[in-house]
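Student: I have a new model open and would like to learn how to read it feature by feature. Could you walk me through it?

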Amino acid sequence: MSGPRAPRVLSVDPSDPFLPTLAARLADGTLWPDGLPDDPLALADATIYLPTRRAARALAEAFLAIASTEAVVLPRIETLGDPADEGLRPDVMGQLESRVVLARLVRAWAARLRTDDDAMRPLHPTSAADAIRLADELAALMDQVETQEADWSELPGLVARADLAEHWHLTTDFLRIATEAWPAHLRDRGRITPAAGRRADAEAAGASVGAARGPIVVAGSTGSIPATRRLMATIAASPWGVVVLPGFDRTADAASWEALAGATDAPGHPQRGMAQLVAALGLAPHDVGRLAPVDGRGAHERARVFAAALRPAQGTARWRDDRAALADVAEALDGITLVEASDEREEAAAIAVAMRRSVALGETVALVTPHRALARRVAHELRRWGIEVDDSAGEPLATTPSGTLARLLATCAYGGGAADWLALLKHAGAQGIDPAGVREVERRLRGPRVAPHRILAVIGDAGPAAARVAGRVAGAMAPLTALAGREATVGDFASAHVAAFEALASPALEARDALLIALGELVGRDELALSARDWPSTFEALIAGVPVRGPPREDAVRILGPLEARLQTFDHAVLGGLNEGTWPASPDAGPFLSRPMMGAFGIDLPERRIGLSAHDFLAAAHQRRATLTRARRAGGDPTVASRWWQRLVAFAGADARPALARGAELLALAALRDARPAQVPPARPCPTPPVEARPTSFSVTEVARLVRDPYAVYAHRILGLTPLEALEQEADAADRGEVVHRILARFVREGHHRAADAEARLVVIVEEELRTLKDAPDARALWGARLVHAAPAIVAEEAARPPADASLVEVAAVADLLGVTLRGRIDRLDLRAGGVEVVDYKTGALPSRKEVTTFFEPQLPLEAALVRAGAVPGVPADVALTGLAYVAVAAGHEPVGRKTVAGDDAVELAFEARQRLEALAALYAKPSKGYLSRARPKYAERWDGDYDHLARVAEWGA
């Protein structure tokens, strides 16, 4: 065999299909030193190293595609650095175990820390969940340090060398966890980190190079990891070795490489990493040869456009020359579509339309994006059309049906509210739950908030079916509730959680096995102790980011991350989320090291990651057709287009218009997806039910609703519709009014208002009545304070009134008037020798006299009409009315406010109110009179609209 054939470092151009080219050139002997041996089993002697498993599967498919027979012997295909491979090594510590152990070390550090600086105390983790999140940040830093092979021994003097503020010493003290405690734990358990596992794999691969009997190819890697870079150097030096780079710019001249080396923004350039790799391999850029595809195509004009557009900032001065060297920029961008959507919803819709079009044409298509929310939106849109999606990121375990059920179990076992309990009982994966019982439970839980520790008992009392539901759930979560009020280890809680989940969850529940595996990894973990109330948040923190992936699907469109899309070939690629901060991500140095510290420590600055992202962007944009998308707004805020988008549009100038026009066409098609014919707004509803179905009995408060919004009376009294109470309803203004009315009624009924110590007695009544708000401690405290503050003014207002012979409170009255029955409960009647005064208590704004006299607020004069109709026992019908008054209690800045709306004219106002009510009853006794929606909406801000949605007010009122 002859010596190694030069060049040993090759590149597949961005516009060429990487893996098919690699497979074809290995199969035809191009990558063999002396050509392919005449042996059908020769390929078995070749070894290929690729960055990801997905690339390895695609390469195997590429070999099968070029095979002349159904059977083919494949080379050995290995992956280097794929995180999915880390769990295959039994000596590598898993993610969940690392989180628990590091969280324990974080809490131990916080417990040891003694500082007089109060400003530092908020930095200390206060719960197990906080400690786990901080442990994740620490784990990411440790992986970065170990991957880039920085020396932890440089840490002690880092602050002084970087000339930083003194408070950074707290960080270096914290990082002793990484330099001392963490390595000690790994040694004790005989485990290694994922970074150490990747480095060991690379070293083992390098050691095997000398024994090779066939080509050894490392392909598709940019050499950003030192261990991988050493392996590539070893392979390149071997007689059998070949390094195949992805998308190395072979067309750049020496001036371009020289400019890149000195550019201030060089770390963000797509070629910077590979330029450093080629230099590390002892080669010049022109030494890298082309691994050409079998079809022998030439360099693509699109590659030249992108190479020019993405020059370093100072290189943009050459754009005029670059454009002159290109035959036709618009033609070079013929396969590019630029979609600039108004928001992320519109962006997702346009992407879905573009992918659906490719499916209809029989093309292979993939969405490439780091934007997970956008990916989920697109997947949802595609499934609406019955298009299956293979999402390489999978679904977070926490959001799967099993993860949701497990979270709800923990939450309800240790203090969940009514909404959590109903979500648990209604979960499709909760087996053995009687739907009739759930309906009883919901009816009971709607309304005022129930204290969490009382919910299970309240559910049990909601009805016989609900009692069975309560027993079923209580039995299932018994292992968890047995730990309530105690402190236990993560392993104890995980073991109890497994038992509860298995008892309640359906065997067919999606991701059940993945959830049980995750909890199983936590069983026996005794490093971290916590209280029961912390377990729900700790459980969420522990499983955060744990993915659930199904098997690859060949019959589905792909959604890939930028790294996973590397080396893949599609007929059409959609590059989504091209905004600064998303793709590329914002350069974040992390919470522990500043930029000067990173430089002094020997860690790559965050801008290096932008360069890797740029390379992935460039590779994806060179598919046969590529659609680039962005949204001008995200979450309601304006966005900034990705630097690559800006560069491409600026370089192309007017030649970008066809690509933008194609994008506008996609947006127009997406808009048609939800387009609906123009609808004529409905008329204001005015139903006319049969006269015999119409109500003829009203309360004094209901008359105002009949005046203002007759449709609401129709919906409530005729259709029998009652607004559904909210879950966990906080005590509101209506509850406050009810409490205040009870307090004042007792205060007057029991004669305390005339006692010498009236204020003290009022305070006692306030405290006693507020005890009924046992599930509303906030309202109890606030209202109690306001009423105690108002007590002196209430007593003073009572003393300022003329003495009454008798005061009647909460007086029930009913009278049959002409064609209508009127009911009411009068807050207070003060009887004196000259007549009776009608008083109504309010805890909100007081109606004006005009509202009262125009029948907008007829309650008080109607109560007076009841008195004049002889509806109050012991009060003669011909009694004189001396006044009608509102008294506001603790309603605003003033503790007590009084407004008299009628004095000598009270009898006249009461008579007029009666006449109006009788006329109103006569009007609604006519079959032709309908119940008009919002007939008199004046002062509507003080009127509820419980039935507005039924009346479609938003449509006819627009």
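Student: Let me begin with one residue. Which residues does Thr147 touch, not counting residues up to four places away in sequence?

Tutor: Happy to help, and please keep in mind that this is a predicted model. Contacts are read from heavy atoms within 4.5 Å. By that reading, Thr147 touches Ala195, Arg198, Ile225 and Pro226, with residues up to four places away in sequence left out. Thr147 itself belongs to helix H4, residues 128–147.

Student: Is Thr147 buried or exposed?

Tutor: The idea here is a cut-off: buried means under 20% relative accessible area. Thr147 has a relative accessible area of 15%, so Thr147 is buried.

Student: And how does Ile192 come out, buried, exposed or partly exposed?

Tutor: Ile192 has 24% relative accessibility and therefore counts as partly exposed. You will find Ile192 in the loop between helix H7 (176–189) and helix H8 (194–207).

Student: How do I compare distance along the chain with distance in space?

Tutor: Take a pair of residues and read both values. Ile192 and Val92 are 100 residues apart in sequence, but their C-alpha atoms are 4.9 Å apart in space. For another pair, Gly491 and His427, the separation is 64 residues in sequence and 26 Å in space, C-alpha to C-alpha.

Student: Where is Gly491, and what is Gly491 in contact with?

Tutor: Gly491 sits in helix H23. Leaving aside neighbours within four places in sequence, Gly491 is in contact with Leu522, Val523, Gly524 and Arg525. Gly491 counts as buried because its relative accessibility is 6%.

Student: What can I check about helix H23 as a whole?

Tutor: Try its length. The expected span is 1.5 Å times one less than the number of residues. Helix H23 (residues 490–504) has 15 residues, so it should span 21 Å, and its end C-alpha atoms are indeed 21 Å apart. You can also list which residues of H23 are buried; among them are Val490, Phe493, His497, Phe501 and Leu504.

Student: Let's turn to the strands. In what order do the six strands of the open sheet lie?

Tutor: Reading across the sheet, the order is S3-S2-S4-S5-S1-S6, and the pairing is parallel. Then look for the edges. Strand S3 (76–79) and strand S6 (289–290) each have a single partner strand, so one side of each is left without a neighbour in the sheet.

Student: How many bridges join strand S1 to S6?

Tutor: Two bridges join S1 (residues 9–12) to S6, and these strands run parallel. To find your place in that pair, note that Ser11 stands opposite Arg290 in S6.

Student: Which strands pair with S5?

Tutor: S1 pairs with S5 in the parallel sense over four bridges. Here Leu10 stands opposite Val244 in S5. Strand S4 (residues 216–219) also pairs with S5 in the parallel sense, over four bridges. In that pair, Val218 stands opposite Val243 in S5.

Student: And how many residues of S5 are buried?

Tutor: Six of the six residues of strand S5 (residues 241–246) are buried. It helps to sort them by direction: Gly241, Val243 and Leu245 point one way, while Val242, Val244 and Pro246 point the other way.

Student: Now for helix packing. At what angle do helices H19 and H21 pack?

Tutor: Angles of 65 to 115 degrees count as roughly perpendicular. Helix H19 (residues 435–445) and helix H21 (residues 464–476) pack at about 100 degrees, with their axes 7 Å apart. H19 and H21 are therefore roughly perpendicular to each other. The contact involves Ala436, Gly437, Val438, Glu440 and Val441 of H19, together with Pro464, Ala465, Ala466 and Val469 of H21. Sorted by class, this contact has seven nonpolar, one polar and one charged residues.

Student: What do I find for H15 and H30?

Tutor: Helix H15 (residues 344–360) and helix H30 (residues 657–673) pack at an angle of about 100 degrees, with axes 8 Å apart. H15 and H30 are therefore roughly perpendicular to each other. Residues making the contact include Arg345, Glu346 and Arg357 of H15 and Glu665, Leu666 and Arg673 of H30. The contact of H15 with H30 divides into eight nonpolar, no polar and five charged residues.

Terms used:
Residues numbered from 1 in each chain as written. Predicted model: local features only at pLDDT ≥ 70, side-chain atom pairs only at ≥ 80, totals over all residues. Heavy atoms only, no water. Buried < 20%, exposed > 50% of the residue type's maximum accessible area, 1.4 Å probe, protein only. Axes fitted to C-alpha atoms, helices over the stretch in contact; angles between N-to-C directions. Parallel < 35°, antiparallel > 145°, perpendicular 65-115°, else oblique. Nonpolar A, V, L, I, M, F, W, Y, C, P; charged D, E, K, R; others polar. Pairing = 2+ DSSP bridges.
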